[in-house]
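Let's take a look at how the parts of this complex meet each other. Keep the structure open while you read, and find each residue as it comes up.

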Number of protein chains: 2
Amino acid sequence: MGVYENIKHAIITEVYPPGFRLTEEALTKDWNVSRTPIREALKKLEFDGLITPLKRGFIVRTFSKEDLQQVYDLRALLESYAAAQAAMNRTEEDILFIQEAIRAYEIAMLMKEKDMDQNQAIVEANSRFHKGVIEASCNNHVRDLIDKVVVLPLMFRSFYHFDQTDIDQSFQMHKTIARAIVNNDPDRAKTAMQEHILRGRDFVLQHYESGATAVNQTID
Amino acid sequence: MGVYENIKHAIITEVYPPGFRLTEEALTKDWNVSRTPIREALKKLEFDGLITPLKRGFIVRTFSKEDLQQVYDLRALLESYAAAQAAMNRTEEDILFIQEAIRAYEIAMLMKEKDMDQNQAIVEANSRFHKGVIEASCNNHVRDLIDKVVVLPLMFRSFYHFDQTDIDQSFQMHKTIARAIVNNDPDRAKTAMQEHILRGRDFVLQHYESGATAVNQTID
DNA sequence: TGTAAAGTGTTTGTATACAATAGATAGATT
DNA sequence: AATCTATCTATTGTATACAAACACTTTACA
């Protein structure tokens, strides 16, 4: 695994928490490589929107409530568009991939509840499903944009607050979306996906205050 | 002006034409800097989608007809969304900026027709208008996404094929969009912007074959 | 005591040398 | 003549040294 992936993982799992300052020199010591690859990784992370540039160095990005609102709304816009296209362009192979992701989610639901492993497995299955839909849309440009608007740290944390009902509701939505895509029904795929993501948005916003210290840490 | 801006400009103006191979070493000679800043510039240009990575080095990006279709459709989706938000969130300052862009366009229309300077001035005024709308939407995330989906080289070239009617039609649309934003009419702002950009799309697609050698150069 | 200037240490920007790797070329073997 | 392999060359990856820029602290002076 490269330095970029390592640092990214450290940010997502809050080894480097929001607001944490990152300097090239310090990172060379953490990861035992020279400044050159560190610089490159930082540039990529900046592009990902995972870190915020300062006059010197970076800090791990923090998100305001307004940021979350805007990011989720855009994700709803783009992914519902992708879902509609998927309903028109999907191949048999795409359908298989999506159904496999649904199965993985189903299996993850059977794991020991509220366990870290279950969380990990659900996050993984969920992202497989969304990836499958985007792939089926057959539009690389929309894929790239969605990548830019999906905020990994938030995804990771939000699922951890899901209770059994939330998990199941999300699962049902996946099945509805998949059905619409299989049936070549772009309108339904679109609205279902939009609803699915806006529910995610409301959930995250609702839990924003409780986890605020982690998400909304500001620089003093 | 930095190396990044220089190379970017060279790509937009086709000093480095589509398909042209860019190696770090060669670029150090063209711009008289060491490989370090060149590497950084290339990474940024890759993020911008202006160059395509190869196993070694890069080539200046080429766009297929399908690419153009997808990119313009996404731009229509995002900018019409931004226009709707602008109609809700715009300040008096935003309105002034947008009207100023419209005035600049008007002035550019009076210049000597089909001149390179006129082209430049219209491209400039047009991008000021769109920037104004996006700014008025008061949503930095949507701005970043649109930046990623607006393809500079194409903008530059497409205006050069505009005749007087096209230029005027585009101007009228700007006024319609601006009016809707001033009147706090999000629906109208949205549909007008969508229509405006889809017309741009159709125009570019229509002229795709004629300029195909420049745009669609492939690697042999 | 407050303010500005100078100095000091930290951090990034740039150049460059060397290592690693992929691609091309030429030679050997069938 | 075709193909496989070894070697050579072009190009990128990485480390590191030095220069420049900036933030912070201390000191001089009002």
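## Where protein meets DNA

In this predicted model, a polar backbone atom of Gly57(B) sits 3.3 Å from a phosphate oxygen of DNA strand D. Two arginine side chains of chain B also reach the strand. A polar side-chain atom of Arg39(B) is 2.8 Å from a phosphate oxygen, while Arg35(B) has a polar side-chain atom 2.9 Å from a base nitrogen. Here are those three side by side:

| Residue | Part of the residue | Atom of DNA strand D | Distance |
|---|---|---|---|
| Gly57(B) | polar backbone atom | phosphate oxygen | 3.3 Å |
| Arg35(B) | polar side-chain atom | base nitrogen | 2.9 Å |
| Arg39(B) | polar side-chain atom | phosphate oxygen | 2.8 Å |

Which elements give two or more residues to the surface near DNA strand D? From chain A there's helix H3 (35–48), and from chain B there are helix H2 (24–31) and H3. H3(A) gives the most, with 3 residues.

Zoom out a little and you'll find 15 residues around DNA strand D, with Ser34(A), Thr36(A), Arg35(B), Arg39(B) and Arg56(B) as the closest. Sorted by class, this surface has 9 charged, 4 polar and 2 nonpolar residues. On the DNA side, take the atoms of strand D within 4 Å of the protein: 45% belong to sugar or phosphate, and the rest belong to bases.

## Where the two chains meet

Now turn to the protein chains themselves. Here 21 residues of chain B are in contact with 22 residues of chain A. Together the chains bury about 2,200 Å², and carbon and sulfur atoms give 70% of that area. On the chain B side, Phe47(B), His141(B) and Leu145(B) lose the most area to chain A, adding up to 29% of what that side buries.

How many salt bridges cross this interface? There are 4 between chain B and chain A. In one salt bridge, the side chain of Arg39(A) meets that of Glu40(B), at 3.3 Å from N to O. The two chains also have 8 residue pairs in polar contact.

So what does chain B bring to the side that touches chain A? Helix H3 (35–48), helix H4 (65–89) and helix H7 (140–149) of chain B each supply at least two residues. H4(B) has the largest share, 8 residues. By class, that side of chain B holds 10 nonpolar, 7 charged and 4 polar residues.

Notes: Residues numbered from 1 in each chain as written. Chains lettered and ligands numbered in written order. Predicted model: local features only at pLDDT ≥ 70, side-chain atom pairs only at ≥ 80, totals over all residues. Heavy atoms only, no water. Contact = heavy atoms within 4.5 Å. Buried area = accessible area lost by both parts, 1.4 Å probe. Polar contact = N/O pair within 3.5 Å; in protein donor to acceptor, adjacent residues only side chain to side chain. Helix = DSSP H or I, 4+ residues; strand = E, 2+ residues; numbered from the N terminus. Nonpolar A, V, L, I, M, F, W, Y, C, P; charged D, E, K, R; others polar. Near = heavy atom within 4 Å.
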